[in-house]
Amino acid sequence: MKKIIAMLLSVVLLLSAIPIFAFAGNGPMGAWETPSGDSVYLAYITFYETDETGEWIWDSENSAYVHYDVFRDDTVYNTPGEQGGYQGMEGAVYDRESNTLTITNLAAENMVLEANVMGDDFTLHVVGNCTIGKILVFGYGYGGSLHITGDGTLTVNPNRIYENAICLYAEQSDSALTFGRDVTVNLYATEDVATIIMTARDTADTAFTFANGAKPTVTKEQGSSSSFKYITGYELEDPDDSSTSWRSTSVIKVVCNEDPDGIYGAKESRRVNDDGSLGDAFYRIMKLNYVEKYDAYFMDTAYSEANGNSWGDIEMTPEELDASSYSIVYDDDTGSEATIDNVYIYDSSVALYMDADGNRYGVISSWSNGEATQYAVTMEQIGDTTDYIFVRDPSVDVSTLTPDIDVVVYDDLFDYVLTGTEFRYVPKTVEDVGDVSGDGKINAVDARWVLQAASDARALTEAQSAAADVNGDGKINAVDARWILQIASGARVL
């Protein structure tokens, strides 16, 4: 994965200090307000130029990769220009309202199209004959789906200079790859690797959708594109002085009626809307464990993961909090919210490494003043298998460490791959669409079969299911039945 190192590190730092969307949203991810008050946009669409070996070309004069931005910093760039950022891309036009990138006769066989947190409905619309070197899409817990539509032909990696044609890094989102009914797609990969890869997704059930009814072989391989695993925990600079860590903070004291003897807290947060204004307040609820050695409270990650969303966060609006089993504790004298001090809220991800003697160390990457640094940390387990204290260990030279690939911490980091070095998606002929019964006609009988299938009253074969999905959205429901009736009456033409 060649996502920009700067972006990776800045995202890690940013997301370690602010709440994360628990759902994959429609449209590009909006702005986040950093602790310093800056608004940062993580969503972007860009084309990177590479050489004939697939290595990204470096512009030494501008100290940056040669790239052409189509969407970045919440701004659309549809005007082509000189090489570099914010110049647009010839043959590529982005529409923010529909979240669609339209490519027309695009000749970019030595370019990588990369998109980051563009949401559930990000669409690549193909017009004419288009060629792209490789496609990378990142979700980062928000959503990084790719829907390929249009009536043209898209060829990816024809020169096989990249290992894979399409890589979707779901990153714990419900990202999906779908092919529309009328677009033709030709994908190529180098020998003995997968044509399409999707990583960090719990299930492949809805990961791939093919409107022509094709059922390619999907293989599940653990960590095939990862050289190390991660654990989560809490960072301390000095193990004897927990106050030295910037992660320490105060939270509002909360009582859980279902567990009156437990220690609970709430952190009030706000998100930033797309227009830059502050959104409504919400609370992040957490159970706390007191660790006497550090005289500090730490989140009970097992409780959060068992009761929270897919990111392990328990989020509630003020109204939801009032109606829940949690309640805020108020000071009897001042009437203000009571607080719990010295609480470690934000967890960080640490790569596991080992030295030449087989001792395991964690490695944390940080980004400051435009430069990336790495330092080793020793780990002390304080809770369940993913709950650790990290303490900086200056005695360990990071360059001497090697990845420890034997440690598996997250068991949901899997690669779902479409095997084979070539993959060809051919549109389904219009004549087959809507004729669910297979009698050569499209009429009310077919609509009735669709409704019966949608209600599980009728089981369809693979071919019938493909014909029943008239609108090509990967679902069989009343919308398809309505389209069939419109086709039968002449009110709709496919």
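Reader: Happy to be looking at this one with you! How many disulfides does a search of the whole structure find?

Author: Welcome! Keep in mind that the model is predicted. A disulfide is a covalent bond between the sulfur atoms of two cysteines. Searching the whole structure for such bonds gives a count of 0.

Reader: Thanks. Is cysteine 130 buried or exposed?

Author: The cut-off for buried is under 20% relative accessible area. Cysteine 130 has a relative accessibility of 1%, so cysteine 130 counts as buried.

Reader: And cysteine 256, is that residue buried or exposed?

Author: Let's apply the cut-off again, under 20% relative accessible area. Cysteine 256 comes out at 2% relative accessibility, and therefore cysteine 256 counts as buried.

Reader: Let's turn to the strands. How many residues of strand 10 are buried?

Author: Strand 10 spans residues 107-116 and is mostly covered. Of its 10 residues, the number buried is 7.

Reader: In which sense do strand 3 and strand 10 pair?

Author: Strand 3 covers residues 44-49, and 6 bridges link it with strand 10. Phenylalanine 47 stands opposite leucine 113 of strand 10. The sense of this pairing is antiparallel.

Reader: Good. Which residue in strand 12 is the bridge partner of alanine 107?

Author: Strand 12 is made of residues 129-138 and pairs with strand 10 in the parallel sense, over 7 bridges. Within strand 12, the partner of alanine 107 is threonine 131.

Reader: Following the pairing onward, which residue in strand 14 stands opposite asparagine 129?

Author: Strand 14 takes in residues 153-156. Strand 12 and strand 14 run parallel and are joined by 4 bridges. Facing asparagine 129 in strand 14 is threonine 153.

Reader: Which residue in strand 17 stands opposite valine 156?

Author: Strand 17, residues 184-188, pairs with strand 14 over 4 bridges in the parallel sense. Opposite valine 156, strand 17 places leucine 187.

Reader: Now to the helices. Is helix 4 roughly parallel or antiparallel to helix 6?

Author: Two packed helices are described by the angle between their axes and the distance between the axes. For helix 4 (residues 444-454) and helix 6 (residues 478-489), the axes come within 8 Å and cross at roughly 180 degrees. That crossing makes helix 4, relative to helix 6, roughly antiparallel.

Reader: Lovely. How many nonpolar residues does the contact of helix 4 with helix 6 have?

Author: On the helix 4 side are Ala444, Asp446, Ala447, Val450 and Leu451, which meet Ala478, Asp480, Ala481, Ile484 and Leu485 in helix 6. By class, this contact has 2 charged residues and no polar ones, while the nonpolar count is 8.

Terms used
Residues are numbered from 1 along each chain as its sequence is written. This is a predicted model: local features need pLDDT of at least 70, side-chain atom pairs count only at pLDDT 80 or more; totals for chains, interfaces and linings use all residues. Side-chain values use heavy atoms; hydrogens and water are left out. Axes are lines fitted to C-alpha atoms, for helices over the stretch in contact, and angles run from 0 to 180 degrees between N-to-C directions. Helices (H or I, at least four residues) and strands (E, at least two) are DSSP runs, numbered from the N terminus. Angles under 35 degrees count as roughly parallel, over 145 as roughly antiparallel, 65 to 115 as roughly perpendicular and the rest as oblique. Contact means heavy atoms within 4.5 Å. Ala, Val, Leu, Ile, Met, Phe, Trp, Tyr, Cys and Pro count as nonpolar, Asp, Glu, Lys and Arg as charged, and the others, Gly among them, as polar. A disulfide is a pair of cysteine sulfur atoms within 2.5 Å. Buried means under 20% relative accessible area, exposed over 50%, partly exposed in between (1.4 Å probe, protein chains only). Two strands pair if DSSP finds at least two bridges between them.
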